[in-house]
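Reader: Could you take me carefully through a few points of the structure below, giving the cut-offs behind each term?

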Amino acid sequence: MIARSNRIALLAVPGLAFLAIIYALPLFLLLFKSIQGAEGLTLASYIDFFGDEFNRTVLWRTLRVALLTTLLALVIAYPTAFAMARAKGIWLTVFLVALVLPMSLGVIVKAFAWSILFRSNGFINTTLQAIGITDEPVRMLFTETALVIGAANVFLPFMVLPIYSVIRQLNKSLPEAASSLGATPWFRFTRVTLPLSLPGVVAGSAFTFSLAISMYVIPSLIVGERQQTLSMLIARSFLYLRNEPLGSTISAVLLAIAIFVVLFSSWLAGRLGARQ
Amino acid sequence: MTQTDRITIFFAWTIGIICIIFLMLPIIITVATSFTSSAVYTLPPPEWSLRWYRSLDRRSGLWEAVQLSLNLALISTAISIVLGTMAAIAVARGEFRGKQAIATFTVSPLMMPGLVVGVAMLQFFREIGLRDAYWSLLLAHVVITLPFVMRTLLASMGAFDFSLIDAARTLGMSYPRAILKVLIPNLAPAYLTGGLFAFLASMDNYPISIFLTDARNKTLPIKMLQYLEEQPDPSLAAMSSGLIVMAIVVLVVASRTVGLNKMIDT
């Protein structure tokens, strides 16, 4: 039997070989080229990159926007997943349709829809003025707030679904048992429900954060060139400036962040799994 | 149920309903603007009209882009299903170290920055002398679709009872035939879900494709962003509304055959 299970292991070879050649090798070469100088290995391009204050601002903005997007998505997603886990029949269908249907609308159309809403003569401003909250149009398009709201909207399903699937499987009798033993609701939530739902929170947050640091279409439609992010710098250096070394360096920085997020979240998920 | 419980549940439902409205908002905006008579995006539309639906067939290059995107999405999803099935069986049944690492690796393209993957592939394809845009795009789209297929297949094969395969083999089926006749029908929901999400991800991909297209091979998202920059009239909203109707049909079929809850569970 052992011989056969070894043969079965060979079935993984085509898929792995494909990914290794078409996906991992190009990324490795990109990283390698970014530290390759005229004579030997060098970190010069990174020193240049981080030495420029503009680049540091862009890096910081990218991380801040991604973090705020993840937080906003989490704040909406957690109670929603909680309500979904209790929903039945038509309400459950409504929740599921609301999560899945927007995925069929491409990210370009979604981001563009948000840019229509945020315009100074757009729907939100007209409404705010009509109900008298403000007299003059509030500038929303081209702001970081608009970007965070739009991005959170696009990535929300990826935050809700993992949390929902964890909370749903959570044994309902556990919080009740805690309650019958005299635990206060706050104690029940912080000591029972929250820790058990953390794997879903980690999975959803890691996914949302990595999508948010690398998003390109959403910022280019909602904030445009005024507030660059790392992805927009990459696109600009390759597609418009034709400055490949610069583009490769920024790509390597963004890639390093993404790899860190993947490794850190899988380490965290492993630890959470081990604790339970 | 205590008072605090009721408040918590009320709070969760309030946020949940806000969340539903928030998620549906872009769809509502898109559909509403598609029926406008105006040449610019205004809300609410000054007058209702179907002119942007009629204008769709005059859009040059749009149908070519739709065809190319459908072609790439279908073929790359099919390739991913074959490669993914084999790899997932190996992880579920093989005896070797590093299964977790394989799972992380095969799903990792989902979390890598699209533009960076696109740049890296562009440079790599240039170096090995692959200059054909269609083949570059197809290889890239297999990388886009494979993680979605892998994610659902790994989860569902972990729960699959492989003694059914052994039983089929005892009854005289060959291994590949047993996979085809027993495993795949049993995991139909996972295939439908993984395949659907993979298909959508391929249809929607902009950041990787932008580096691999040429003048003759432009995928739908690239064409759409180009239109938005050149002449942003509501015909794109009309086309997207058409896609939404198609998605609703697919969702109704999927919920009848698989069940929505099962679909998102894997």
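**A loop residue and two domains of chain A**

Author: Arg242(A) sits in the loop between helix H12 (230-240) and helix H13 (244-275) of chain A, where helices are DSSP runs of H or I with at least four residues, numbered from the N terminus. This is a predicted model, in which local features need pLDDT of at least 70 and side-chain atom pairs count only at pLDDT 80 or more, while totals for chains, interfaces and linings use all residues. Residues are numbered from 1 along each chain as its sequence is written, chains are lettered from A and ligands numbered from 1 in the order in which they are written, and side-chain values use heavy atoms, with hydrogens and water left out.

Reader: Is Arg242(A) buried or exposed?

Author: Buried means under 20% relative accessible area, exposed over 50%, and partly exposed in between, with a 1.4 Å probe and protein chains only. Because its relative accessible area is 64%, Arg242(A) is exposed.

Reader: What is the phi of Arg242(A)?

Author: Most residues other than glycine have a negative phi. Arg242(A) is a residue other than glycine with a positive value, and its phi is near 55°.

Reader: How many residues of domain 1 of chain A are in contact with domain 2 of chain A?

Author: The domain assignment, automatic or from a database, gives domain 1 (13-42) and domain 2 (52-275) in chain A. Counting contact as heavy atoms within 4.5 Å, four residues of domain 2 of chain A are met by residues of domain 1 of chain A that number four.
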